[in-house]
Amino acid sequence: MSETANSGQEPAAAPVDAGKRRRAGEGSAFWAYVLKRLGAALPVLIGVTFICFAILSAAPGDPVRILMGQHYDEEIASELRVSLGLDRPFLVQYGMFLGRVSHGDLGRSYVKNLPVAEYLAPKFGNTMQLTLVAMFIAIVFGVSAGIISAAWNRSFWDYALMLLAVAGISLPVFWLGMLLQLLFANHLGWLPVSDMSYSGNPEVLWNDVGGSYIAWLWHMSIKYYVLPGFTLATVPMAIIARLTRSSMLEVMKLDYIRQARAKGLAYPRVVVTHALRNALIPIITVVGNNFAVLLTGAVLTETVFAWPGMGRAMVEAINQLDYPVVLGGVMIMAVVFVVVNLIVDLTYGLVDPRVRYG
Amino acid sequence: MRDLLRQLFRHGSGFVGLVIVFVAVVAGLFCGTLSPFSPTYQYRGQEKLPPGSAITADEARQASYADNGQRSSGTFIWGTDSSGRDVYSRVLHGARISLLVGVVATVINVLIGLLIGTVSGYFGGWTDTLLMRLTDTFFAFPGVLLAIIILATLNNDEVKSVLGSISGSIDPGIWGLFIALGLTGWTGIARVIRGTVISLREKEFIEAARAVGCSNSRIILLHIIPNCMAPLTVLATMQVAYNILSEAGLSFLGLGIQPPNASWGGMLSTAKNYFYDMPWWGIFPGLALALTVLGFNLLGDGLRDILDPRMKVRT
């Protein structure tokens, strides 16, 4: 979304009561803003599904043939086509799809013999978990690296970290994943190659680790998240580090930072409380954007680590011409994208009280 | 141009990027003469050889079929893959595919982004609203998914036979990559160009051009677009890196260039299952890919520092 909350810079000599009046009317302005943004999201959602629908209808494959497999029979096929609405004109089909979606019905998978929502829900959950882990790693390491680079600008650590960041942006994630697997799983044997959790008996594992809850949890689940999490985190980590650095440097040039230093505040305190806080807005923007990109772009990481997520399910569905799953998945992802962007824009006000919604 | 090169040279990391890009372009252009072996030829009995293994003329004769011109002796400096193909030659030919897709898709991105960005920024009003909503829609499309959907659509026998007849020796899958990546990566360019055009629109020289009676199209083509060149160059350089990565990703998923034709993503996808036993097969194409993308990113960073004075923060 290109729209962002107005970061209205208050003029220095604003009337004293302006602040009060604004606060009184803020609640309704806030909700009006939320409503306006949701309204603007609707055409985007319709557009996304329409593009997807149009491309899929232009696709030459015949889903009914796929659906029936070896037992293809012309008579049953034509009946099936009618019952699925595939014989109707394109726009009618699209209208039927929108109608169903507005009731919360994403249709039924051709291949899996399951409702799309039921099929995709667990996969979506798996991708969401991986994305949250990756985003956590990316924020912690990315923001730290950016702060270090900005605080010691033009030092050895600045150059080293920024070189790492460019390398991080340039590394193909699937190759990085393969290298990490080779080193940490195959050669060192510290971490599992793939899968999401321990496949054996949890009670046997409990006895094996000697009754330590942390060790049990580690072998049960946590260790499976380390490699895919770091792999998926690389690119956003690098982007966040670069942006934190440039945003901090921008703020550190300002007068109030010099003022804080002149007052005799310690440098670390100025960097963290004065500079970082005011450098946060662009960082939040990029975190939000990357969250959506990660959630939807985890296909490659999921493929390398055999993670049973949404991305892989979508690629599989596209190859099997399972249109309802593709459409439903695109729809879910677009909704997440819009919602995440809205949340990002709303957090601006939490971080910076000068931001007003309009 | 000479000035730009001198500034790049002084920039350091930007120059490193330029050198890497230059090497990649040479590899892509002259891969035919530079490769010691055919990229697709399978030498029987020479499978899974580690880097540096030599093949004598005698062995080569035994390993090849009669009279196909593939009998040559030499060294597999980066080893062979599981089918007995020379990894080095395949990586060189992969450079051609990567650069071709990267550049052509970026040209399409730039054309679409420039058109939408200038029209939207210059005319404003409902044209702007409509075009930006369209941009939002494409931007909201989940990741590489749109590219995957487009590729899957084009991946059928009829389309393939038509495309195959016009693409000659190159894998017909490349057309799908051009289209899929060309149609998806333009949103960032469109937005930045729109912003630039909006700030340019109010400048005096545009007003002067309008006052002497220039038409809108003349103003856009001769006065607006030349002034967008700085951000456009930077964005396009970065976009090449992004498109090369996406091409590799799509080929890795088996949707782009199909084996036996050589592409870095495709090589990595088959090498993945042999990575522990024959790491060279996965290391070299991955390294080539990472370095090429790094080169374009460093070059883009350097160009931004030089061309865009607002972003003077050096990396």
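Below are legends for a set of close-up views of a predicted two-chain model.

**Figure 1. The whole predicted complex, chains A and B together.** The predictor scores the complex with an ipTM of 0.85 and a pTM of 0.86. For chain B, the mean pLDDT is 85, with 92% of its residues at 70 or more. Chain A has 14 helices and zero strands, so no surprise that its pattern along the sequence reads α-α-α-α-α-α-α-α-α-α-α-α-α-α. Its C-alpha trace spans about 85 × 60 × 40 Å along the principal axes. Chain B has 15 helices plus two strands, and its C-alpha atoms fill a box of roughly 80 × 50 × 35 Å. As for burial, chain A has 358 residues, 37% of them buried, while chain B has 315 residues, 50% of them buried.**Figure 2. The side of chain B that touches chain A.** Here 40 residues of chain B are in contact with 45 residues of chain A. Four helices of chain B, namely α6 (125-140), α7 (145-154), α13 (229-252) and α15 (279-307), each supply at least two residues of this side. The largest share, 10 residues, comes from α15(B). Sorted by type, the chain B residues on this side come out as 25 nonpolar, nine polar and six charged.

**Figure 3. Thr137(B) and its neighbours across the chains.** Thr137(B) is part of helix α6 of chain B. Is this residue buried or exposed? With 20 other C-beta atoms within 10 Å, Thr137(B) counts as buried, because 20 is the number at which a residue gets that label. Setting aside neighbours within four places in sequence, Thr137(B) is in contact with Val44(A), Gly47(A), Val48(A) and Ile51(A). Within chain B, look also for Thr187(B): it sits 50 residues away from Thr137(B) in sequence, with 9.4 Å between their C-alpha atoms.

**Figure 4. Helix α7(B), wrapped up by the rest of the structure.** How many residues of α7(B) are buried? The count is 10 of the 10, so the helix is largely enclosed by the rest of the structure. Going along α7(B), the buried residues are Leu145(B), Leu146(B), Ala147(B), Ile148(B), Ile149(B), Ile150(B), Leu151(B), Ala152(B), Thr153(B) and Leu154(B). Pick out Ala147(B) and you'll find it touching Ala180(B), Leu181(B), Thr184(B), Ser246(B) and Leu250(B), leaving out residues up to four places away in sequence.

**Figure 5. The largest nonpolar core.** This core has 168 residues. Which residues have the most contacts inside it? From chain A they are Ile240(A), Val326(A) and Val330(A), and from chain B they are Ala147(B), Ile148(B), Ile149(B) and Leu151(B). Those four from chain B turn up again among the buried residues of α7(B).

**Figure 6. Where α2(B) crosses α5(B).** Zoom in on helix α2 (residues 13-29) and helix α5 (residues 87-123) of chain B, whose axes come within 7 Å and cross at roughly 105°. That angle makes α2(B) roughly perpendicular to α5(B). On the α2(B) side, the residues taking part are Ala24(B), Val25(B), Ala27(B) and Gly28(B). They meet Leu92(B), Ala95(B), Arg96(B) and Leu99(B) in α5(B). By type, the contact has six nonpolar residues, one polar and one charged.

**Figure 7. Two loop residues of chain A with positive phi.** Most residues other than glycine have a negative phi. Arg154(A) goes the other way, with a positive phi of about 65°. It lies in the loop between α5 (116-151) and α6 (156-170) of chain A. With 9 C-beta neighbours inside 10 Å, Arg154(A) counts as exposed. Ala306(A) also has a positive phi, of about 50°, and is not a glycine either. You'll find Ala306(A) in the loop between α12 (299-304) and α13 (310-319) of chain A. Ala306(A) has 13 other C-beta atoms within 10 Å, which makes it partly exposed.

**Figure 8. Helix α10 of chain A and the glycine after it.** This helix covers residues 255-262 of chain A and is hardly covered by anything else: of its eight residues, the number buried is zero. After α10(A) comes Gly264(A), with a positive phi near 100°.

Methods: Residues are numbered from 1 along each chain as its sequence is written. Chains are lettered from A and ligands numbered from 1 in the order in which they are written. This is a predicted model: local features need pLDDT of at least 70, side-chain atom pairs count only at pLDDT 80 or more; totals for chains, interfaces and linings use all residues. Two residues are in contact if their C-beta atoms, placed from the backbone, lie within 7 Å. Ala, Val, Leu, Ile, Met, Phe, Trp, Tyr, Cys and Pro count as nonpolar, Asp, Glu, Lys and Arg as charged, and the others, Gly among them, as polar. A residue is buried if 20 or more other C-beta atoms lie within 10 Å of its own, exposed if 12 or fewer, and partly exposed in between; C-beta atoms are placed from the backbone. pLDDT is the predictor's confidence in each residue, from 0 to 100. A nonpolar core is a set of buried Ala, Val, Leu, Ile, Met, Phe, Trp, Tyr and Cys residues joined through C-beta atoms within 7 Å. Axes are lines fitted to C-alpha atoms, for helices over the stretch in contact, and angles run from 0 to 180 degrees between N-to-C directions. Angles under 35 degrees count as roughly parallel, over 145 as roughly antiparallel, 65 to 115 as roughly perpendicular and the rest as oblique.
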